[in-house]
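Here is a short briefing for a first look. Please keep the sequence and the 3D view open while reading.

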Amino acid sequence: MELTNIPYIASSSSSSSFYYSYSRCACRRDGKLVIKAAAAGPRSSWRIRRRDFASAILLPFLIPRINISIAAEISDASIIRSGVRNVLTKAKAAGVLRLVFHDAGTFEIGDKSGGMNGSIIYEVDRPENTGLNRSIKILRKAKEGIDNVQKVSWADLIVVAGAEAVALCGGPEIPVRLGRLDSSTADPTGKLPEETLDATSLKTLFSKKGFSAQEMVVLSGAHTIGGKGLGSPIVFDNTYFKVLLEKPQTSSTGMAAMVGLRTDWALTEDDECLRVYAEDQARFSTTSGMHTSSS
């Protein structure tokens, strides 16, 4: 199952060479796709997880090429997308997009742990995941219907839902490749960024996940939808960056403004973080989902 042109988070040379952590083969039994996976070696492990994570919020998640027709991939993905569209609305899009990051965001290069593996369903009681049970409940309804036609992993379902959330709110159409396997346990704690981090600490944390500063900023741009006051709750555009550069963080009375998170405002402390995307809507759209590369 593959789509040839795959968008990813940045056009830097470091993003163009990846080794995959699984080798897969596929066959058809009774008209159904069967996928088998085998570990391909330690050298490749962190690289595919880095790419999976880097694509978590705004971008598709990747698997290696396997030898079946593109038509079969499109058909399988279409079934999942249709199931998601039956339950997803613009008002629910931000929560679903947040769910993608909180599942994938546990990844770290150092210990090769975490990543986009559906483990979020075991982690909803953690303080940083407060409220995500609502999005899981929404997608569970979709999963029940999809599983009646073809089985779908939580990891694949969450990724497709994230791509649909972006498109539904006017963002770029994101091709998604399928084949992720679900974890049977929760990922380690303490892997997601705390809301009190400054710009330097954020860059350090995301570098451990394989992100450059610019990649981190594009990912943060997902906060343009939702209820944080950094744009329309249901319109995916570059307003997030404009607000952070133009709107004061405090009101005229000196009270803290109820706009965004501390980590959003931390991006304004660093010159390499915001201005390029605030000044160029097309560049944000391209980087966040329309820049394609042959994998």
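Is Asp-111 buried or exposed, or partly exposed? Asp-111 is partly exposed, with a relative accessible area of 43%. Buried means under 20% relative accessible area, exposed over 50%, and partly exposed in between (1.4 Å probe, protein chains only).

This is a predicted model, in which local features need pLDDT of at least 70 and side-chain atom pairs count only at pLDDT 80 or more, while totals for chains, interfaces and linings use all residues. Residues are numbered from 1 along each chain as its sequence is written, and side-chain values use heavy atoms, with hydrogens and water left out.

**Salt bridges**

- The structure holds six salt bridges (a side-chain nitrogen of Lys or Arg within 4 Å of a carboxyl oxygen of Asp or Glu).
- One of them pairs Lys-191 with Asp-111, with 3.1 Å between the closest N and O atoms.
- Lys-191 sits in the loop between helix 5 (154-168) and helix 6 (199-207), and Asp-111 in the loop between helix 3 (90-104) and helix 4 (132-147), so the pair ties together parts that are 80 residues apart in sequence.
- Helices here are DSSP runs (H or I, at least four residues), numbered from the N terminus.
- Lys-191 is buried, at a relative accessible area of 11%.
- Glu-269 and Arg-262 also meet through their side chains in a salt bridge (2.8 Å, N to O).
- Glu-269 is partly exposed at 46% relative accessibility, and Arg-262 is partly exposed at 36%.
- Salt bridges with shared partners join Glu-108, Asp-111 and Lys-191 into one network.

**Helix 4: span and internal pair**

- Helix 4 has 16 residues.
- From first C-alpha to last, helix 4 reaches 22 Å, close to the 22 Å expected (1.5 Å times one less than its number of residues).
- Within helix 4, Lys-143 forms a salt bridge with Asp-147, and their closest N and O atoms are 2.8 Å apart.
- Lys-143 and Asp-147 are four residues apart, about one turn of the helix.
- An α-helix has 3.6 residues a turn, so residues three or four places apart point the same way.
- Lys-143 counts as buried at 15% relative accessibility, and Asp-147 counts as buried at 19%.

**Helix 4: two sides**

- The buried residues of helix 4 include Leu-132, Ile-136, Leu-139, Lys-143 and Asp-147.
- The buried residues cover an arc of only 165° around the axis (taken from the directions from the helix axis to the C-beta atoms), which puts them on the same side of helix 4.
- On the other side of helix 4, Arg-134, Lys-137, Lys-141 and Glu-144 are exposed.
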